[in-house]
Amino acid sequence: MFDHLPEFVDPTVMAEKQRRFSGALPFARMARLVDAVANRDGSAAFELGFAKEGRHVTVTGRVRAELALICQCCLAPMSVNVDVAVSLAVARTVDEANLLPERYEALMLEDDKVSLVELVEDELLLAVPSVPQHESCVSAIQKAQEPEPAPPVEARKNPFAVLAELKKTH
Ligand SMILES: [Zn+2]
């Protein structure tokens, strides 16, 4: 479905037609995002609708994706589910941006085109933490416990397991 979409669209024309776009966008098409994730073969689900509100051109919808990031504490992959509501309004200048209704973020544009790919990518990048880390990282817990000496291996052996081993040898 996305293959038929142009890379750039004119937001004003799209708003007049009340166009909606939806589909799956592969991470491979988002150069900046693909550098930040471990699941480079993943894709993002998106819905974006253009509309007019008064004299404002708005883009609203949703972007969802599962990102595999590397925990900076234990270096194991961790999965982050991104589900963001998109609520943007086009602005050409800072003054125009300041006049937008509060529920909209400014989508600053210099000309009459917007890249749908970059729009989805920007929403995902905003959701990537600067230092990804497990909420309660196993490695951090282990480090905290390190001063305590580990008990000797023999003491931890389950007596029944020892019995089973003895039986096996007979
Ligand atoms: Zn971790």
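## Around Ser-115

The backbone nitrogen of Val-117 lies 3.4 Å from a polar atom of the side chain of Ser-115. A polar atom of that serine side chain is also 3.0 Å from the backbone nitrogen of Glu-118. These distances, like every value in this report, come from a predicted model.

Ser-115 belongs to strand β7, which covers residues 114–115. Its relative accessible area is 5%, and since buried means under 20%, Ser-115 counts as buried. Leaving aside residues up to four places away in sequence, Ser-115 touches Glu-7 and Phe-8.

## The zinc site

Which residues coordinate the zinc ion? The donors are the SG atoms of Cys-71, Cys-74 and Cys-137, together with ND1 of His-134. They sit at 2.0 to 2.4 Å from the zinc ion. Along the sequence, the donor residues follow the spacing C-x2-C-x59-H-x2-C.

Why is the arrangement around the zinc ion called tetrahedral? The four donor atoms subtend angles of 100 to 128°. Four donors count as tetrahedral if all angles lie between 85 and 135 degrees, so the arrangement at this zinc ion meets the rule. For four tetrahedral donors the ideal angle is 109.5 degrees.

## Exposure of the zinc donors

Are the donor residues buried or partly exposed? Cys-71 has 0% relative accessibility and therefore counts as buried. Cys-137 is also buried, at 3%.

His-134 has a relative accessible area of 25%, which makes it partly exposed. Cys-74, with 29%, is partly exposed as well. Both values fall between the 20% limit for buried and the 50% limit for exposed.

A further point concerns cysteine pairs. A disulfide is a covalent bond between the sulfur atoms of two cysteines. With a cut-off of 2.5 Å between cysteine sulfur atoms, the count of disulfides in this model is zero.

## Strands β3 and β4

Strand β3 (residues 43–53) and β4 run antiparallel and are joined by nine bridges. Glu-53 of β3 stands opposite His-56 in β4.

The two strands form a hairpin, with two residues between them. In the turn, Gly-54 has a positive phi of about 65°.

## Strands β4, β5 and β6

Strand β4 (residues 56–70) also pairs with strand β5 (residues 77–91). The two run antiparallel, and 13 bridges join them. Leu-67 has Val-80 in β5 as its bridge partner. Another pair is Ile-70 with Pro-77 in β5. In a regular strand the side chains alternate between the two faces of the sheet.

How many residues lie between the strands in the hairpin of β4 and β5? There are six, and Leu-75 in this hairpin takes a positive phi near 65°. The zinc donors Cys-71 and Cys-74 have numbers that fall between the end of β4 at residue 70 and the start of β5 at residue 77.

On to the next pairing: β5 and strand β6 (residues 105–108) pair in the parallel sense, over four bridges. Here Val-90 stands opposite Leu-107 in β6.

Methods. Residues are numbered from 1 along each chain as its sequence is written. This is a predicted model: local features need pLDDT of at least 70, side-chain atom pairs count only at pLDDT 80 or more; totals for chains, interfaces and linings use all residues. Side-chain values use heavy atoms; hydrogens and water are left out. Buried means under 20% relative accessible area, exposed over 50%, partly exposed in between (1.4 Å probe, protein chains only). A polar contact is a pair of N or O atoms within 3.5 Å; within protein, one must be able to donate a hydrogen and the other to accept it, and residues adjacent in sequence count only if both atoms are side-chain atoms. Contact means heavy atoms within 4.5 Å. Donors are N, O and S atoms within 2.8 Å of the metal (3.2 Å for Na, K and Ca); water is not among the atoms, so sites may look incomplete. Four donors count as tetrahedral if all angles lie between 85 and 135 degrees; four count as square planar and six as octahedral if opposite donors are over 155 degrees apart and all others between 65 and 115; anything else is irregular. Two strands pair if DSSP finds at least two bridges between them.
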